[in-house]
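Here are a few notes to read with the model open beside you. Take the points in order and find each residue as it comes up.

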Amino acid sequence: MFIRTKHDAKLNRTRIQIVESVRTGSKVRQKILRHVGVAHNDSEIEDIKRLAGRLMEQLRIDRSPQMELFTPTEYADLQALVRRAPRPDKLGVDLAECREEARVSLGLTGLGGPSGGGA
């Protein structure tokens, strides 16, 4: 599921839609889940895309049996906050000085490889 924008040069407008890719046999087509709106300038495009993001999260919640930690509005606000947050140039970690202290192996190990295990 994603937000698609389609620009119509003749009418000088942009349509914003929520679509998903659906496979039919060997072909993939885009199914429109929701037509969000029509914009005539960049400011309107950004506003409608922001609304589309919230609607898309609501669609995901409605389709999922799992309970959500945040409401769609809270989630969209958190995403916007993360996008605006300053990114540090350095994290203050020198990878050359990092050493492995412990290792945990989960699952099947050593089966069928050249070093043994298995039949």
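1. Let us start with a warm-up: which residue in E2 does Lys 6 stand opposite? Lys 6 faces Arg 15 in E2. Please keep in mind throughout that this is a predicted model.

2. Now follow Arg 15 towards the other strand. The bridge partner of Arg 15 in E3 is Val 38. Arg 15 is thus a handy residue to look at: Lys 6 stands opposite Arg 15, and Arg 15 is in turn bridged to Val 38 in E3.

3. The pairing of E1 and E2 comes next. Strand E1 covers residues 2–8 and pairs with E2 in the antiparallel sense, over seven bridges. One place to see this is Ile 3, which stands opposite Ile 18 in E2. The two strands form a hairpin with four residues between them.

4. What is notable about the phi of Asn 12, given that Asn 12 is not a glycine? The phi is positive, at about 50 degrees. You will find Asn 12 in the loop between E1 and E2. Asn 12 counts as partly exposed because its relative accessibility is 48%, and the exposed class begins only over 50%.

5. Move on to the other hairpin. Strand E2 (residues 13–24) and strand E3 (residues 27–39) run antiparallel and are joined by eleven bridges. Ile 16, for example, stands opposite Gly 37 in E3. Two residues lie between E2 and E3 in this hairpin, and Gly 25 in the turn has a positive phi of about 65 degrees. As you trace the strands, remember a general rule: in a regular strand, side chains alternate between the two faces of the sheet.

6. Next, the nonpolar core. In soluble globular proteins, nonpolar side chains tend to be buried together. Here the largest nonpolar core has eight residues: Ile 16, Ile 18, Val 36, Ala 39, Ile 45, Ile 48, Ala 52 and Met 56. E2, E3 and H1 are the elements that give two or more residues to this core. H1 gives the most, with four residues.

7. Two alanines of the core deserve a closer look. Is Ala 52, in helix H1, buried or exposed? Ala 52 is buried because its relative accessible area is 0%, and buried means under 20%. Leaving aside neighbours within four places in sequence, Ala 52 is in contact with Ile 3, Ile 16, Ile 18 and Val 36. Ala 39, not counting residues up to four places away in sequence, touches Arg 13, Thr 14, Ile 16, Glu 44, Ile 45 and Ile 48. Ile 16 appears in the contacts of Ala 52 and in those of Ala 39.

8. Finally, look for the largest pocket, which has a volume of about 310 Å³. Its lining consists of Ile 3, Glu 46, Lys 49, Arg 50, Gly 53, Arg 54, Ala 76, Asp 77, Gln 79, Ala 80, Arg 83 and Arg 84. Sorted by class, the lining has three nonpolar, two polar and seven charged residues.

9. Which helices supply the pocket lining with at least two residues each? They are H1 (42–63) and H2 (72–84). The largest share, six residues, comes from H2. To get a feel for the distances here, take Ala 52 and Gln 79: they are 27 residues apart in sequence and 13 Å apart in space, C-alpha to C-alpha.

Conventions
Residues are numbered from 1 along each chain as its sequence is written. This is a predicted model: local features need pLDDT of at least 70, side-chain atom pairs count only at pLDDT 80 or more; totals for chains, interfaces and linings use all residues. Side-chain values use heavy atoms; hydrogens and water are left out. On a 1 Å grid over the protein atoms alone, a cavity is a set of points where a 1.4 Å probe fits but cannot get out, and a pocket is an open set with protein on both sides within 12 Å along at least five of seven lines; lining residues have an atom within 4 Å of a point. Grid points are joined across faces, edges and corners, and a volume is the space filled by probe spheres set on the points. Ala, Val, Leu, Ile, Met, Phe, Trp, Tyr, Cys and Pro count as nonpolar, Asp, Glu, Lys and Arg as charged, and the others, Gly among them, as polar. Two strands pair if DSSP finds at least two bridges between them. A nonpolar core is a set of buried Ala, Val, Leu, Ile, Met, Phe, Trp, Tyr and Cys residues joined through side-chain atoms within 4.5 Å. Buried means under 20% relative accessible area, exposed over 50%, partly exposed in between (1.4 Å probe, protein chains only). Contact means heavy atoms within 4.5 Å.
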